[in-house]
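Colleague: I'd love a close look at one part of this model, please: a pocket and what lines it. Take your time and join up the details.

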Amino acid sequence: MISISALIDRAHDAHEAALLSRGISTAEIEAADEADRVRLKHVRGFAKEQRVLLALAAAPLPRWIVGVRGGGSREDRIGADVVVLCDDHHPYRIQIKSSIDGARRFIEEGRRRGRTSPIGMVVVTDSLGDRQIVVRVLAALIEMRAARAAELAQRGGQR
């Protein structure tokens with residue numbers, strides 16, 4: 001016999017799966033009450049992260065990208081949704097946001113908290129295709145690699 005709480009959990013899981021497959025609009029999130037709004041934002045964010053990972057897995061990537069994976073619990077604490085390992089053996093961490101406003105809030109919160117880890121930012125709207133997503137991720141990676149190279153060169157020049 002299955003418990004009522006297990007049935008409720010299964011219903012929530014099925015509902016989240018349905019939301020992930022059809023997508024969640026901003027209007028739906030804004031119309032929800034506060035408790036549901038937080039959950040819907042989380043589900044939408046997870047769906048965007050999965051979309052980015054699928055787009056990267058299907059795309060022909062430059063040879064300097066060694067691997068791509070979703071952020072684990074350690075990366076999640078610093079705000080990294082996607083981790084890209086490059087041929088310089090450095091993991092580049094990327095935050096995926098659904099809107100420019102969300103990206104701004106993430107950056108401001110990081111400043112307030114004193115976040116020092118460099119994290120790339122990619123905004124993925126519903127209207128973007130897979131190719132555009134890959135281009136945005138590559139642009140963020142190129143920018144991050146250039147900043148790291150400049151930092152390493154500056155440190156090397158100070159010795």
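Modeller: Happily! Strand 3, strand 4 (119–123) and helix 6 (130–157) each bring at least two residues to the lining of the second largest pocket (helices, H or I of at least four residues, and strands, E of at least two, are DSSP runs numbered from the N terminus). This is a predicted model, in which local features need pLDDT of at least 70 and side-chain atom pairs pLDDT 80 or more, while totals for chains, interfaces and linings use all residues. Residues are numbered from 1 along each chain, and side-chain values use heavy atoms, without hydrogens or water.

Helix 6 makes the largest contribution to this lining, with eight residues. The volume of the second largest pocket is about 430 Å³ (a pocket is an open set of points on a 1 Å grid with protein on both sides within 12 Å along at least five of seven lines, and lining residues have an atom within 4 Å of a point). It is lined by 17 residues, and Pro 118, Ile 119, Glu 143, Met 144 and Ala 147 are the closest to its centre. Sorted by class, the lining holds nine nonpolar, three polar and five charged residues.

Helix 6 also carries Arg 148, whose side chain meets that of Asp 88 in a salt bridge of 3.5 Å, N to O (a Lys or Arg side-chain nitrogen within 4 Å of an Asp or Glu carboxyl oxygen). This pair ties together distant parts of the chain, since Asp 88 sits in the loop between strand 2 (82–86) and strand 3, 60 residues from Arg 148. Arg 148 counts as partly exposed because its relative accessibility is 25%, and Asp 88 is partly exposed too, at 29% (buried is under 20%, exposed over 50%, partly exposed in between, with a 1.4 Å probe and protein chains only).

For context, the largest pocket has a volume of about 1200 Å³, and strand 3 supplies at least two residues of its lining as well. Among its 39 lining residues, Lys 41, Gly 45, Gln 95, Ile 96 and Lys 97 lie nearest the centre. Helix 3 (34–58) is among the contributing elements and gives the most, eleven residues. Here the lining divides into eight nonpolar, 13 polar and 18 charged residues.

The Arg 148 and Asp 88 contact belongs to a structure with seven salt bridges. Another joins Glu 75 and Arg 69 at 2.8 Å, N to O; Glu 75 is buried at 7% relative accessibility, whereas Arg 69 is partly exposed at 41%.

Key:
On a 1 Å grid over the protein atoms alone, a cavity is a set of points where a 1.4 Å probe fits but cannot get out, and a pocket is an open set with protein on both sides within 12 Å along at least five of seven lines; lining residues have an atom within 4 Å of a point. Grid points are joined across faces, edges and corners, and a volume is the space filled by probe spheres set on the points. Ala, Val, Leu, Ile, Met, Phe, Trp, Tyr, Cys and Pro count as nonpolar, Asp, Glu, Lys and Arg as charged, and the others, Gly among them, as polar.
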